[in-house]
Amino acid sequence: MSLIQFATLLVVIGALGWFIHLCRTMFSMNPQHKDIPSGPRGLPTIGHLLLLGKQPHRSLNELSKKYGPIMSLRLGSVPTIVVSTSAASELFLKTHDTVFASRPKLQAAEYLRYGTKGMIFSEYGTYWRNLRKFCTLELLGSTKIASMAKMRREELVLLIESLKIAAKNCVVVYVSQKMALLMEDMTCRMLFGKSRDERFDLNAIIHELTIIVGAFNIAGFIPFLGALDPQGLTRRLKETNRAVDEVLETISDEHEQDARDGYTSQIAITWIMSELLRHPRVMKKLQKEVQNVVGDCEFVEESHILKLDYLDMIVKESMRLHPVATLLPPHESMKDIVVNGYHIKKKSRIIANNWGIGRDPRNWSENVDKFLPERFIGSNVDYMGNNFQLIPIGPGQRSCPGIHLGTIMVNLVVTQLVHTFDWELPFGMSPDELDMEELFGATVPRATHLLAAPTLRSLP
Ligand code: HEM
């Protein structure tokens with residue numbers, strides 16, 4: 001049975017219940033209903049799940065144009081608030097951060113061995129606080145990150161050597177795949193102290209996990225459907241969990257969450273390289289800046305990065321257009337609260353539309369869809385969670401604790417790639433022809449691989 005047929009069946013079954021509910025509400029009209037944010041009319045049982053479509057960040061952005069920056073939806077039985085502007089997200093995730101700093105219990109997390117113990121899925125409380133403190137101070141602290149610089153350099157040198165061979169033989173490379181392997185190697189060495197284990201395709205496992213965890217699983221929103229698993233997501237999750245178990249039993253038992261996080265940097269790098277390939281002018285300007293700072297050193301040092309202002313603008317612009325998480329992972333209200341005059345119930349799910357906020361013309365002028373790093377000249381907007389018009393790592397207490405490491409990896413790799421090579425799209429493809437389709441999940445990579453042809457640059 002297709003998803004649409006299944007949904008139709010649910011609608012029919014739910015219609016009776018809805019009718020009864022409607023009668024009840026009509027007879028007990030209560031003035032408080034005015035205080036709920038507006039939203040589209042939902043279907044019985046499934047609520048607004050079908051409105052999400054294949055690219056929920058885009059669908060929700062369109063809906064918010066009609067229903068406003070604070071919009072009310074019902075996903076199955078779960079009351080959900082979607083915030084779509086910088087002002088709205090500041091209200092929820094800064095002003096009332098203490099109320100919305102928890103996470104809902106996701107069905108997907110329950111099936112993963114470390115799902116409920118990983119920081120990203122943890123409810124707000126002592127366990128999460130201790131874990132976060134440990135991560136920030138120990139695992140992701142600046143001393144620890146600095147101590148790994150030599151290892152990052154070694155892995156980068158290996159990548160560059162393999163790309164030089166490709167360039168010499170005029171071979172087109174899968175940039176996205178190369179980035180995946182590089183990040184997997186770096187992450188394995190950082191976390192497990194050893195290189196990638198060739199027996200496992202860790203990257204493919206993490207890719208599958210983020211797609212399943214990010215999907216709006218009907219079985220998770222309509223509890224009585226759990227056993228039916230209409231989208232087959234629970235089955236996929238169980239299979240992936242078995243693969244995760246196998247890897248963890250062989251490598252290490254402690255770092256499932258952290259292993260997933262090298263994946264975010266790889267997605268960010270691939271989007272940046274895609275935009276550079278689509279904008280040769282920007283690529284050339286960056287190469288010139290790198291040349292001025294790095295000079296005739298063959299390898300970029302991490303200390304060079306801080307001097308690369310244009311690179312910083314490019315990273316910001318790419319994060320604006322292609323945030324790694326187009327919808328921030330859901331937050332949950334820990335108590336009933338009134339926000340902006342709206343009554344928000346305890347255990348409501350809060351979804352901040354990161355993608356929509358990055359493309360809001362009120363923040364970014366009419367040319368929002370254009371890749372234009374120069375828009376950041378003279379601007380002090382950063383992506384560290386301080387400016388709500390750009391929140392690719394989330395704001396407030398749940399913002400990304402790994403962004404310091406992530407930024408180093410992203411900046412270092414992009415700089416080295418453009419310093420050593422010129423890059424072109426393959427097979428005579430013009431910049432406009434590059435497919436920029438996204439694959440929606442908890443993180444949002446390119447839907448198709450990025451292919452490009454490197455040519456060795458002759459340094460002066
Ligand atoms: C370019 C790189 C990265 C990006 C764009 C990114 C983005 C994000 C985002 C959007 C969130 C959710 C914030 C929210 O809910 O409001 C997050 C959370 C998180 N990130 Fe990252 N991340 C990156 C790199 C990393 C790295 C390298 C690590 C660790 C090695 C890491 C570890 C985490 C953890 C543990 C959380 C959960 C925090 C919590 O719930 O308290 N991230 N990240």
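How far from an oxygen atom of the ligand does a polar side-chain atom of Arg398 lie? In this predicted model, the separation between a polar side-chain atom of Arg398 and an oxygen atom of the ligand is 3.0 Å. Two further arginines make comparable entries in the list of polar pairs: for Arg103, a polar side-chain atom is placed 2.8 Å from a ligand oxygen atom, and for Arg132, an N or O atom of the side chain is found 2.9 Å from an oxygen atom of the ligand. Helix H6 (126-139), helix H13 (256-278) and H19 are the elements that contribute two or more residues each to the shell around the ligand.

The shell as a whole consists of 23 residues, and the closest of these are Arg103, Trp128, Arg132, Arg398 and Cys400. H13 supplies the largest share, with four residues. Sorted by class, the shell contains twelve nonpolar, seven polar and four charged residues.

The ligand carries an iron atom, for which the SG atom of Cys400 is the only protein donor, at a distance of 2.3 Å. Cys400 is located in the loop that runs between helix H18 (361-364) and helix H19 (403-420). Cys400 therefore counts as a donor, the limit for such an atom being 2.8 Å from the metal. Water is not among the atoms, so the site may look incomplete.

Apart from the ligand site, the strands were examined for their pairing. One open sheet has four strands in the order S1-S2-S7-S4, and its pairing is mixed. Its edges are formed by strand S1 (70-75) and strand S4 (331-332); each has a single partner strand, so one side of each is left without a neighbour in the sheet. S1 runs antiparallel to strand S2 (residues 78-83), and the two are joined by six bridges. Within this pair, Leu73 stands opposite Thr80 of S2.

Two helices pack on this sheet. Helix H2 (residues 56-67) touches S1 and S2, and the direction of H2 makes an angle of about 125° with that of S1. Helix H3 (residues 86-95) touches S1, S2, S4 and strand S7 (349-352), with its direction at about 125° to that of S2.

Another open sheet is built from three strands in the order S3-S9-S8, with antiparallel pairing. Here S3 and S8 are the edge strands, each pairing on one side only. Strand S3 (residues 173-174) and strand S9 (residues 451-456) are linked by two bridges in the antiparallel sense, and Val173 has Ala452 of S9 as its bridge partner. On the other pairing, strand S8 (residues 421-424) is joined to S9 by four bridges, again running antiparallel. In that pair, Trp423 stands opposite Pro454 of S9.

Methods: Residues numbered from 1 in each chain as written. Predicted model: local features only at pLDDT ≥ 70, side-chain atom pairs only at ≥ 80, totals over all residues. Heavy atoms only, no water. Donors = N, O, S within 2.8 Å, 3.2 Å for Na, K, Ca; no water. Near = heavy atom within 4 Å. Polar contact = N/O pair within 3.5 Å; in protein donor to acceptor, adjacent residues only side chain to side chain. Nonpolar A, V, L, I, M, F, W, Y, C, P; charged D, E, K, R; others polar. Pairing = 2+ DSSP bridges. Contact = heavy atoms within 4.5 Å. Axes fitted to C-alpha atoms, helices over the stretch in contact; angles between N-to-C directions.
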